[in-house]
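User: I should like to examine a protein model step by step. Please give a short reason with each answer.

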Amino acid sequence: MSSDTLAQAPTAPEIPGPPAVPRIVPQRRYGQWTAALVVLVLLGLALDSVVRNRAFQWDVVAEYFTTGSVLRGLWLTLWLTAVVMVLGFALGTLLAAFRLSANPVLRAVGWGYVWLFRSIPILVQLLLWFNIGALYPTVLGVKTVDLLSPVAVAVVGLTLHEAAYAAEVVRGGILSVDRGQIEAAQALGLSRWRRWRRIVLPQAMRSIVPPAGNMLIGTLKGTSIVSVIAVNDLLFSAQLIYHRTYQVIPLLMVATLWYAVVTTVLGIGQAYVEKYYARGTGGAR
């Protein structure tokens, strides 16, 4: 075959390749980066002003941070927070059961309690309990002023206040559980106690723990209000010192730093508890 014949022979058609994939270019968010840079600069300036401002007297803060009186006040604050939370949630759980009861009297009592103690500011409640002797000079033959010390007044006032909020937290957690699961457990013949322990409580805790953690932190900080009735908590201990030394800002910073430390620890504990109860739901991180 000649070269002319080969040149005139038809060639196989070219098979087109896959279309070119367009290159994805991420959107440039100049506004967000600019805002982030501005925020970092402002935070840096604020931190620099706090560190370099001599009025804070950081050497005095370090001197009083671990003194005996401050640590005793811190211990009373932690003790008061723990007692109030335990008693408040115990009473709040009972009130939640009242509000979920089929008995209209119990429902009314639970609703009335929550309405009353959420309507009165906590400071007013503490002052009322502190002056309860003016209304009831004696209780069971004992003078009220001898029966209720400032610490006892703080426990009673804070507990009754927290119970009203705890009742709503517990009630909301119980109502978040799907009613169909409870009915299925009843169909399987599970006892009431086993239904609550195995089905209702574990699921309700997923809704109860986050607001309960916030309540715990709020109670810790809220205990500072008991200083108005001369309870020797963390803030009152700092006040006693600066009333003597006139170093107001450094002692307030001592109290502030201790509150921040304890709140941070409680926040970490709350995160672990939430993670524990979120197992198997896709919400554990």
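User: How many salt bridges does a search of the whole structure find?

Analyst: This is a predicted model. One salt bridge joins the side chains of Asp-48 and Arg-52, and another joins those of Arg-99 and Glu-168. Arg-171 and Glu-168 also meet in a salt bridge. For the whole structure, the search gives a total of three.

User: By how much of a helical turn are Asp-48 and Arg-52 separated in helix H2?

Analyst: The side chains of these residues meet in a salt bridge, at 3.7 Å from N to O. Asp-48 is partly exposed at 36% relative accessible area, whereas Arg-52 is exposed at 63%. Because the two residues lie four apart in helix H2, their separation is about one helical turn.

User: Which residues are joined into one network by salt bridges that share partners?

Analyst: Glu-168 is buried, with a relative accessible area of 19%. Its side chain forms a salt bridge with Arg-99 at 2.7 Å from N to O; this pair links distant parts of the chain, with Arg-99 in helix H4 and Glu-168 in helix H8, 69 residues apart. The side chain of Glu-168 also meets that of Arg-171, at 3.0 Å from N to O. Through shared partners, the network consists of Arg-99, Glu-168 and Arg-171.

User: Is His-161 buried or exposed?

Analyst: His-161 is located in helix H8, which covers residues 150-175. A residue counts as buried if its relative accessible area is under 20%. The value for His-161 is 12%, so this residue is buried.

User: With which side chain does the side chain of His-161 make a polar contact?

Analyst: Beyond its neighbours within four places in sequence, His-161 is in contact with Phe-117, Ile-120, Ile-122 and Gln-125. At a distance of 3.3 Å, the polar contact of the His-161 side chain is with the side chain of Gln-125.

User: What is the angle between the planes of the aromatic pair Phe-56 and Trp-58?

Analyst: The structure holds four aromatic pairs. One of them is Phe-56 with Trp-58, whose centres are 5.4 Å apart. Phe-56 is buried at 18% relative accessible area, while Trp-58 is partly exposed at 30%. Planes under 30 degrees apart count as stacked, and this pair is stacked with an angle of 15 degrees.

User: What is the approximate phi of Gln-57?

Analyst: Gln-57 lies in the loop between helix H2 and helix H3. This residue is partly exposed, with a relative accessible area of 29%. Although Gln-57 is not a glycine, its phi is positive, at about 50 degrees.

User: Where is Tyr-246 placed?

Analyst: Tyr-246 is a residue other than glycine with a positive phi, near 65 degrees. Its relative accessible area is 71%, so Tyr-246 is exposed. Its place is in the loop between helix H11 (234-245) and helix H12 (248-277).

User: What accessible area do the residues of the nonpolar patch on the surface have together?

Analyst: The patch is formed by Leu-135, Tyr-136, Val-139, Leu-140, Val-142 and Leu-147. Val-139 lies in strand E1 and is partly exposed at 35% relative accessible area. Together, the residues of the patch have an accessible area of about 640 Å².

User: What percentage of the residues in the chain is buried?

Analyst: The secondary structure comes to 12 helices and two strands. The chain exposes about 18600 Å², of which carbon and sulfur atoms supply 66%. Of its 285 residues, the buried share is 31%.

Definitions and conventions:
Residues numbered from 1 in each chain as written. Predicted model: local features only at pLDDT ≥ 70, side-chain atom pairs only at ≥ 80, totals over all residues. Heavy atoms only, no water. Buried < 20%, exposed > 50% of the residue type's maximum accessible area, 1.4 Å probe, protein only. Polar contact = N/O pair within 3.5 Å; in protein donor to acceptor, adjacent residues only side chain to side chain. Contact = heavy atoms within 4.5 Å. Phe/Tyr/Trp six-rings, centres within 6.5 Å; stacked < 30°, edge-to-face > 60°. Patch = residues over 30% accessible without salt bridge, like charges linked within 9 Å, V, L, I, M, F, W, Y side chains within 5 Å. Areas by Shrake-Rupley, 256 points an atom, 1.4 Å probe, with all protein chains shown as cover. Salt bridge = Lys/Arg side-chain N within 4 Å of Asp/Glu carboxyl O.
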